[in-house]
Amino acid sequence: ALVFLSGCLVVDSNRGPSSVVVQDTLPYMVSPQVQCYWDPYYGDYIWDFNVWSENTSQVWVDVYDDWGFVESFPLFREDGQFWSSWWLEYETSLWCGDYYSFDFIAVDRWGNSEIVTRTY
């Protein structure tokens, strides 16, 4: 595999020219956001995760506190490059108001990834 500074990745599986895969760009994320707010309709807090991500086939958020891993949440493609999901607090191991570190992870179909961390 040869990686250029331009973000182009060429993979050769040693089967000849017909087996070369060219990827022009790697996955990247813009403006990952975490929110926790009270929702009177559900009578519970809602944890809301969203991000704009290009060249991505999967996005999820891994949550950590001072003692380690807490939980992982998948995000779903809403429209084009926008990924999001929201969860009622009672469905999670999170408590609104506690301190957490959130790793947003975007992965492309070749396994390349980008991780962006936010705190809340």
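# A tour of a ten-stranded chain

Buried residues make up 37% of the 120 residues in the protein chain. The model is predicted, with a mean pLDDT of 86 for the protein chain and 80% of the residues scoring at least 70.

**Whole chain.** Start with a cartoon view. The protein chain has zero helices and ten strands, so the pattern along the sequence is simply β-β-β-β-β-β-β-β-β-β. Of the contacts in the protein chain with a separation of 6 or more, 51% are between residues 24 or more positions apart.

**The low-confidence stretches.** Now colour by pLDDT and select residues 1-13. Their pLDDT stays under 50, and the model has 29 contacts beyond four places in sequence for them. Next select residues 16-20, where pLDDT also stays under 50. For residues 16-20 the model has six contacts beyond four places in sequence. Where pLDDT is low, the predicted coordinates should not be read in detail. You may hide both stretches for the remaining stops.

**Strands β6, β7 and β9.** Select β6 (58-65) and β7 (68-79). These two strands form a hairpin, with two residues between them. They run antiparallel and are joined by seven bridges. Pick V59: its bridge partner in β7 is L75. Then add β9 (101-107) to the selection. β6 pairs with β9 in the antiparallel sense as well, over seven bridges. One place to look is Q58, which stands opposite V107 in β9.

**The nonpolar core.** Which residues touch the most other members of the largest nonpolar core? Select W47, F49, L75, L94, F102 and F104: these are the ones, in a core of 18 residues. The elements that contribute two or more residues to this core are β4 (28-39), β5, β6, β7 and β9. In soluble globular proteins, nonpolar side chains tend to be buried together. L75 has already been met as the bridge partner of V59.

Centre on F102 next and show its surroundings. Leaving out residues up to four places away in sequence, F102 touches V34, W47, F49, V61, D62, V63, L94, V116, T117, R118 and Y120. Among these, W47, F49 and L94 also appear in the list of best-connected core members.

**The aromatic residues.** Keep F102 and add W47, F49, F73, W87, Y100 and Y120; together they form one aromatic cluster. The count of aromatic pairs comes to twelve. How are the rings of W47 and Y120 arranged? Their centres are 5.4 Å apart and their planes are at 70°, so the pair is edge-to-face. W47 lies in strand β5 and Y120 in the segment after β10 (113-119), so this pair ties together parts that are 73 residues apart in sequence. W47 counts as buried because its relative accessibility is 0%, whereas Y120 is partly exposed, with a relative accessible area of 32%.

Move to F73 and W87. Their ring centres are 5.5 Å apart with planes at 45°, so the pair is tilted. This pair also links distant parts of the chain: F73 is in strand β7 and W87 in strand β8 (residues 82-88), 14 residues apart. Is F73 buried or exposed? At 2% relative accessibility, F73 counts as buried. W87 is partly exposed, with a relative accessible area of 23%.

**S53 and the end of β5.** Select S53, which lies in strand β5 (residues 44-54). This serine counts as buried because its relative accessibility is 3%, below the 20% cut-off. The side chains of S53 and T56 are joined by a polar contact of 2.5 Å. Apart from neighbours within four places in sequence, S53 is in contact with Y28, M29, V59, Q81, W83 and A106. V59 is the β6 residue picked earlier for its bridge to L75.

**Two positive phi values.** Step on to N55, in the loop between β5 and β6. N55 is not a glycine, yet it has a positive phi of about 55°. At 33% relative accessibility, N55 counts as partly exposed.

The last stop is S31, in strand β4. Its phi is near 55°, again a positive value in a residue other than glycine. S31 counts as partly exposed because its relative accessibility is 39%.

Definitions and conventions: Residues are numbered from 1 along each chain as its sequence is written. Side-chain values use heavy atoms; hydrogens and water are left out. Helices (H or I, at least four residues) and strands (E, at least two) are DSSP runs, numbered from the N terminus. Buried means under 20% relative accessible area, exposed over 50%, partly exposed in between (1.4 Å probe, protein chains only). A polar contact is a pair of N or O atoms within 3.5 Å; within protein, one must be able to donate a hydrogen and the other to accept it, and residues adjacent in sequence count only if both atoms are side-chain atoms. Contact means heavy atoms within 4.5 Å. pLDDT is the predictor's confidence in each residue, from 0 to 100. A nonpolar core is a set of buried Ala, Val, Leu, Ile, Met, Phe, Trp, Tyr and Cys residues joined through side-chain atoms within 4.5 Å. Two strands pair if DSSP finds at least two bridges between them. Rings of Phe, Tyr and Trp (its six-membered ring) pair if their centres lie within 6.5 Å; planes under 30 degrees apart count as stacked, over 60 as edge-to-face and the rest as tilted.
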